[in-house]
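User: I should like to learn how to read the main features of a protein fold from its coordinates. Could you take me through one example, step by step?

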Amino acid sequence: MSDGGTAAEVLALLERRGQTLAVAESLTGGLVAAELTSVDGASRSFRGSVTAYATELKRELLGVDGALLAECGAVDAEVARQMARGVRRALGADWGVATTGVAGPTPQDGQPVGTVHVAVAGPSDAMAAAALRLEGDRAGIRGQTVQAAVKLLFSELIATAGAKDTEQHGGI
């Protein structure tokens, strides 16, 4: 295995656990879904994705709180969390991953280029989020965001593996 968290590793873990994944993307515009679906057999665990680039789609399709969007804008940690929960619910998946942020070339919602939030929502209220300050051009920031989202999901899958095993094997 690598140092933790390729798309192939994530999908293998999900398949072994019999779980599914959905993705909500903003700044990455479908790149996380493309990374996942580049893996042979991805359809065994990957349900689909929503590219909610426009702020109102985050509210309308993913259920992100409108007041939160009005107050904080789309580039916000809680927005990422709500996107992850929302895509999980909307696409009927065990796990949801979300990306939101500013890839450039100009700031957005008062946030500088390279400000990114990724989040993961899973079963039993599992939740993780990461705030990133990335450097590079637009393509570089988007690519780094894809890798960060996949790695965050991998970390959550590993972290919850013990709890899942304990539930299935009577606390052993």
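The dialogue below treats the sheet, its central strands, a helix pair and the nonpolar cores.

User: What is the order of the strands in the open sheet, and what sort of pairing does the sheet have?

Analyst: Please note at the outset that this is a predicted model. The open sheet consists of five strands in the order 2-1-3-4-5, and its pairing is mixed. Strand 2 and strand 5 lie at the edges with a single partner strand each, so one side of each has no neighbour in the sheet. On average, neighbouring strands are turned by 10° against each other, direction ignored.

User: Which strands pair with strand 1 (21-25), and in which sense do they run?

Analyst: Strand 1 is joined to strand 2 (residues 46-51) by five bridges, and the two run parallel. In this pairing, alanine 24 is opposite valine 50. The chain passes from strand 1 to strand 2 through helix 2, forming a right-handed β-α-β crossover. Five bridges also link strand 1 with strand 3, again in parallel. Here valine 23 faces valine 97 of strand 3, and leucine 21 is opposite tryptophan 95.

User: Where does the antiparallel part of the mixed sheet arise?

Analyst: Strand 3 and strand 4 pair in the antiparallel sense, over six bridges. Alanine 98 is placed opposite alanine 119 of strand 4.

User: How should one read the two faces of a strand, and are the faces of strand 1 covered or uncovered?

Analyst: In a regular strand, side chains alternate between the two faces of the sheet. Strand 1 has both faces covered: Leu21, Val23 and Glu25 are buried on one side, and Ala22 and Ala24 on the other. Five of the five residues of strand 1 are buried, so the strand is largely enclosed by the rest of the structure.

User: What does this reading give for strand 3?

Analyst: Both of its faces are covered too, with Trp95, Val97, Thr99 and Gly101 buried on one side and Gly96, Ala98 and Thr100 buried on the other. Because seven of the seven residues of strand 3 are buried, the rest of the structure largely encloses it.

User: How does one describe the packing of helix 3 and helix 5?

Analyst: Two packed helices are described by the angle between their axes and the distance between the axes. Helix 3 (residues 55-62) and helix 5 (residues 77-90) pack at about 40°, and their axes are 9 Å apart. The two helices are therefore oblique to each other. Helix 3 passes helix 5 in a left-handed crossing.

User: Which residues of helix 1 are buried, and what follows the helix?

Analyst: An α-helix has 3.6 residues a turn, so residues three or four places apart point the same way. In helix 1 (7-17), the buried residues are Ala7, Glu9, Val10, Leu11, Leu13, Leu14 and Arg17. Glycine 18 follows helix 1 and has a positive phi, near 70°.

User: How many residues form the largest nonpolar core, and which elements supply it?

Analyst: The largest nonpolar core has 32 residues, and Leu21, Leu36, Trp95 and Leu153 have the most contacts inside it. At least two residues each come from helix 1, strand 1, helix 2 (31-37), strand 3 (95-101), strand 4 (115-121), strand 5 (127-133) and helix 6 (138-168). Helix 6 contributes the most, with eight residues. A second, separate core has 18 residues, among them Ala22, Leu62, Val87 and Ala93.

Technical notes:
Residues are numbered from 1 along each chain as its sequence is written. This is a predicted model: local features need pLDDT of at least 70, side-chain atom pairs count only at pLDDT 80 or more; totals for chains, interfaces and linings use all residues. Side-chain values use heavy atoms; hydrogens and water are left out. A nonpolar core is a set of buried Ala, Val, Leu, Ile, Met, Phe, Trp, Tyr and Cys residues joined through side-chain atoms within 4.5 Å. Buried means under 20% relative accessible area, exposed over 50%, partly exposed in between (1.4 Å probe, protein chains only). Helices (H or I, at least four residues) and strands (E, at least two) are DSSP runs, numbered from the N terminus. Two strands pair if DSSP finds at least two bridges between them. A crossover is right-handed if, with the strands pointing away from the viewer, the path from the first strand over the helix to the second runs clockwise. Axes are lines fitted to C-alpha atoms, for helices over the stretch in contact, and angles run from 0 to 180 degrees between N-to-C directions. Angles under 35 degrees count as roughly parallel, over 145 as roughly antiparallel, 65 to 115 as roughly perpendicular and the rest as oblique. A crossing is left-handed if the near helix is turned anticlockwise from the far one by less than a right angle, and right-handed if clockwise.
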